[in-house]
Amino acid sequence: QDRRHADLPWLLISMAAAIVVLVAFMVLPGWDAISHLLLLDRTTPNRAKIGLGLASFVIVPLIISYLDAARMRGSLTVSLLSAVLFGGSQVAIAFALLAWEPQTLNAAPFWQLYVVLGTLAVFFLARGYAGLAALAFLILTGMGSATVNPVYVGVYDLRETDVAKTVISMDATEDYAWVGIGDRLTTAVLLESGVQAYNGFQGAPSQEMWDQIDPDGEYEFEWNRLAGISWTPGQGDPVVTNPYPDAILATFDACDDFAQENVDYVLSDVVDITSDCLVPEKSFEVASGVLTIYEVTAPTAVPAG
């Protein structure tokens with residue numbers, strides 16, 4: 001077959017281009033305008049690494065399919081060079097960690113075996129031995145996740161705590177809307193309880209929710225991003241900020257129109273929270289302090305005269 005007239009593997013080419021763009025976003029300075037155009041500035045380099053991981057699950061099968069369809073495999077020289085470059089990069093990273101952050105390397109006592117398995121996977125893939133490459137990668141990922149995978153280690157079930165049981169029982173009678181104020185624990189309790197809450201991590205912003213919080217779109221740049229949403233006490237309309245690029249922090253005033261129209265209860269770990277529109281319902285002692293459930297009520301009327 002004349003390869004000059006063969007169709008180009010556009011899907012494979014586009015995936016390679018996407019990976020190059022993600023890597024450039026993480027390591028190259030000075031291209032803010034381009035990253036803004038591609039919406040990459042709505043996330044962080046650490047979260048972009050997740051994109052690289054997902055891209056690898058797509059591009060590897062595409063490479064295997066392309067080599068198989070073309071009845072070709074990488075030359076022994078190219079395959080060895082690819083494997084050596086990968087293995088060498090991992091060894092270089094290990095020595096850098098050993099010099100500057102040895103505690104990080106101590107967390108991976110079998111890193112040498114990981115390097116060997118990864119190098120073999122790259123070599124077998126380049127040579128077109130998909131089965132052997134998959135086997136090496138399977139062993140590598142299994143070893144790497146065995147000590148942290150929740151299937152083996154388990155996850156603490158907050159639904160078994162007294163505060164979560166109370167939240168669930170209250171919500172069983174009617175679908176209330178909640179806001180968690182304070183540290184991550186309030187958000188975790190509300191999410192695991194399965195109630196409707198304005199906290200949590202958004203993969204994409206809900207237009208309906210943010211129309212309630214920010215009806216004029218004043219803070220669209222701050223909330224229109226991949227980020228976790230939390231709340232802190234404040235005065236007046238919600239003010240939205242980004243303490244970190246992947247974090248959304250909004251102020252909450254129970255007497256404000258947003259709270260009065262949309263929120264029924266507040267779960268807070270803030271000890272000195274005060275408001276004419278919050279009535280404490282019940283408090284719970286936890287390892288980190290005290291969690292209190294408040295009901296959002298109408299503003300207290302000021303007597304005339």
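**Briefing: strands, surface patches and one salt bridge**

Helix α13, which spans residues 257–262, contains E261. The model described here is a predicted one, and the points below take up its charged patch, its paired strands, its nonpolar patch, its salt bridge and one backbone angle. E261 is a useful place to begin, since this residue belongs to a patch of negative charge on the surface.

**The negative patch**

- The residues that gather in this patch of negative charge on the surface are D216, E218, D237, D257 and E261.
- E261 counts as exposed because its relative accessibility is 63%, and exposed here means over 50%.

**Strand β7 and its partners**

- Strand β7 covers residues 265–268, and its side chains point in two ways, with Y265 and L267 on one side and V266 and S268 on the other, all of them buried.
- Strand β1, made of residues 177–181, runs parallel to β7 and is joined to β7 by 4 bridges; within this pairing, V179 stands opposite V266 of β7.
- Strand β9, made of residues 289–296, also pairs with β7, this time in the antiparallel sense and over 4 bridges, and here Y265 is found opposite E295 of β9.

**The hairpin of β8 and β9**

- Strand β8, which covers residues 278–286, runs antiparallel to β9, and 8 bridges join the two strands.
- The two strands β8 and β9 form a hairpin, with 2 residues lying between them.
- E295 in β9 is the bridge partner of V279, and E295 also stands opposite Y265, so that β9 is paired both with β8 and with β7, each strand pair having at least two bridges.

**The nonpolar patch**

- A nonpolar patch on the surface is formed by I50, L54, F57, V58 and F137, which together have about 510 Å² of accessible area.
- Helix α3, which covers residues 45–69, gives the most to this nonpolar patch, contributing 4 residues.
- F57 lies in helix α3 and counts as exposed because its relative accessible area is 59%, a value to be set against the cut-off of over 50%.

**The salt bridge**

- The structure holds 1 salt bridge, and this salt bridge is formed by R159 with D157, whose closest N and O atoms are 3.0 Å apart.
- As a general matter, side chains of opposite charge can pair when their charged atoms come close.
- R159 is partly exposed, with a relative accessible area of 44%, and D157 is likewise partly exposed, with a value of 24%; both residues are put in this class because partly exposed covers the range between under 20% and over 50%.

**A positive phi at L39**

- L39 has a phi near 65°, which is a positive value in a residue other than glycine.
- In general, most residues other than glycine have a negative phi.
- L39 is placed in the loop between α2, residues 32–37, and α3, and L39 is exposed, with a relative accessible area of 53%.

Conventions: Residues are numbered from 1 along each chain as its sequence is written. This is a predicted model: local features need pLDDT of at least 70, side-chain atom pairs count only at pLDDT 80 or more; totals for chains, interfaces and linings use all residues. Side-chain values use heavy atoms; hydrogens and water are left out. Patches are made of residues with over 30% relative accessible area and no salt bridge: like charges are joined within 9 Å, nonpolar side chains (Val, Leu, Ile, Met, Phe, Trp, Tyr) within 5 Å. Accessible areas come from the Shrake-Rupley method with a 1.4 Å probe; for residues, only the protein chains shown count as cover. A salt bridge is a side-chain nitrogen of Lys or Arg within 4 Å of a carboxyl oxygen of Asp or Glu. Lys and Arg count as positive and Asp and Glu as negative; His and the chain ends are not counted. The place of a charge is taken as NZ of Lys, CZ of Arg, CG of Asp or CD of Glu. Buried means under 20% relative accessible area, exposed over 50%, partly exposed in between (1.4 Å probe, protein chains only).
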